[in-house]
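Dear colleague,

I am handing over the structure below, and after it you will find some notes on what turned up when it was examined. Please read them with the structure open beside you.

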Amino acid sequence: KNLIFYIDNLITIFYTMVTRYSFLKNWYMNGGFDMEQKQEKFSTIGYIAAALGMCIGTGNVWRFPRVCAANGGGAFIIAWTIAMLVFAVPLLSTEMAFGKKTRLGCIGTFRDAGGKKYTWMGFFVAAVCFFLMSYYCVLQGYCLKYAVNSVTSAFKPNLSTETTSAMWTAFTDSQAQVILFHAIGFALACFIVYQGIAGGIEKFCKVAIPALFIILVGLAIYAVTLNGANQGLQYLFTVKKEYILSPNTWIQAFIQAAWSTGAGWGFIITYANYVGEEEDVPTSCLIMGLGDNLGAILSALVVIPAICALSATPEAANEALSQGNFGLTFIYIYQLFTTIPGGRFISFIFFGLLAIAAITSLFSMIEVGVKCVVDLGLPRKKAVVSVCFAGFLVGCFSCWSLVNIDNQDWVWGIGLLVSGAFIAILAWKYGVEKLRTQEVNAKGADVHLPKAYYTGCMYLIPVLVVIMVVYWLLQTKEWFPDTWLNPFIIQDNTGTVLLQFGVVILAGLALSKFFNTKTVKGAMKDNEAGK
């Protein structure tokens, strides 16, 4: 009780401070939109831009190159493309259809579309997104830090890999610095989400996403012309048999597809609340998937050739690529900028835009939590402050060390697969063919998803998830034979996954009655939900 009392008071104090200063009070009082203001919507272009803002961010520029490099390059690209078509696009279409239908957040959507016994699954989806949001903002802080580095004395011509590696280590070992930039990131995202859908999220994404694409194209052209870049291109596009036959490659590909496109996050359920009735579901989701793939390939064409060109020897390049560590982008791309004319300016623009892309992804994660809280009847403005404040506090765990953030990436990356399975199960409960014909391929759809494709994928996804998750968790017995079931050791083991999942699931089951009672009624009629 004392803990709840203190947390409630901290949120109230933070909320009061935000509204006390006149400048912040002006946008706080005039920005955003209340729960009742359902008429605020995305335009078609704005919706796709906002959705791509979620897809194209650090998931592409930071995560994809390192995961692709660690899993064989070309083999991973094949597996990841298949995962996008089999996992991401069908799930995104399902989420968008449900969000349009219910006009509720994740928790309310599971309650209304599946029944009250499924509410805990909606809570799990929202919780996974919340924990992802909490450590994702830490990554955004990394980008902000390197944008600042670009305009300070830290940026010097022709820095060596050893120097940029030392800079990366010094920064990530400084908890105070990481927490500071983590806080700045949440403050910026919170400010923009306050402005609402059209006035904040949409307006921002329509400028930021095209700008990021343009600079990625320019950097990719430059990177592939560097001496030694051919090794990177060969690494990226050569298909190695041992990787294509490795289950780990496929599991990582499906996690990357979910992580990068947002499939299973619940953000498309949330964003679909704000689209028109005739919004084209299949086309929008195909654009998200293909746009995400394009952004990821462009990012890999920047990072991987640059690593090969800037490494002392081909062997050193191969070692860096095979490790796929967290710092690839920040060590090698930052070094790349110190070798080119005007590198300081380009570095600032690149890391600044990468931070912006991370913010656009953060918008959707915040909105997932905010919508669930607003559905409970809390005013939107206080919901935004509460979600951001809670996300900042939880994210401090990931700020503390690279080991901690790697743990969160491991646990909630698997969580995304489970969330995707839950969304597919929701489609089963509602009726897969009914959902496809009446909601996915509804009026306004220029592209219709075929029955064999959509229905097959929706029934296949939970089966694939069970196989992949069980296999991967059992693999940890080989990685950590003595501690694979120990939940209190911070490592990529089975114990930590079971502990964190267990806490979330038990909380969802315990709170189901509360959510079923307090969540407002959505747009779906009771007889449509099969109740």
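The second largest cavity is lined by Gly105, Cys106, Ile107, Gly108, Cys372, Asp375, Leu376, Phe515 and Thr519. Please keep in mind throughout that this is a predicted model. The space in this second largest cavity comes to about 40 Å³, and a search of the whole structure finds two cavities of 30 Å³ or more. Helices α6 (106-114) and α18 each supply at least two residues of its lining, and the largest share, three residues, comes from α6. Sorted by class, the lining of the second largest cavity consists of five nonpolar residues, three polar ones and one charged one.

The other topic is the aromatic rings, of which a search of the whole structure finds 29 pairs. One of them joins Phe131 and Trp412, whose ring centres are 4.7 Å apart and whose planes stand at 5°, so the pair is stacked, given that planes under 30 degrees apart count as such. Because Phe131 belongs to helix α7 (residues 119-149) and Trp412 to helix α20 (residues 402-430), this pair ties together parts that are 281 residues apart in sequence. As for their surroundings, Phe131 is partly exposed, with a relative accessible area of 22%, whereas Trp412, at 1% relative accessibility, counts as buried.

A further aromatic pair is formed by Tyr334 and Phe351, with 6.3 Å from centre to centre and 55° between the planes, which makes it a tilted pair. Here Tyr334 lies in helix α17 (residues 328-337) and Phe351 in helix α18 (residues 343-375), so the pair ties together parts that are 17 residues apart in sequence. Both Tyr334 and Phe351 are buried. Helix α18 thus appears in both topics, since it holds Phe351 and also supplies at least two residues of the lining of the second largest cavity.

Tyr334 and Phe351 also belong to a cluster linked by ring pairs, whose other members are Tyr142, Tyr146, Phe155, Trp168, Phe171, Phe181, Phe330 and Phe337.

Finally, there is a contact of another kind to look at, in which the charged end of Lys434 sits over the ring of Tyr430, 4.5 Å from the centre of that ring.

With best wishes

Definitions and conventions
Residues numbered from 1 in each chain as written. Predicted model: local features only at pLDDT ≥ 70, side-chain atom pairs only at ≥ 80, totals over all residues. Heavy atoms only, no water. Phe/Tyr/Trp six-rings, centres within 6.5 Å; stacked < 30°, edge-to-face > 60°. Helix = DSSP H or I, 4+ residues; strand = E, 2+ residues; numbered from the N terminus. Buried < 20%, exposed > 50% of the residue type's maximum accessible area, 1.4 Å probe, protein only. Lys NZ or Arg CZ within 6 Å of the ring centre and 35° of its normal. 1 Å grid on protein atoms, 1.4 Å probe; cavity = no way out; pocket = protein on both sides within 12 Å on 5 of 7 lines; lining within 4 Å. Points joined across faces, edges and corners; volume = space filled by probe spheres on them. Nonpolar A, V, L, I, M, F, W, Y, C, P; charged D, E, K, R; others polar.
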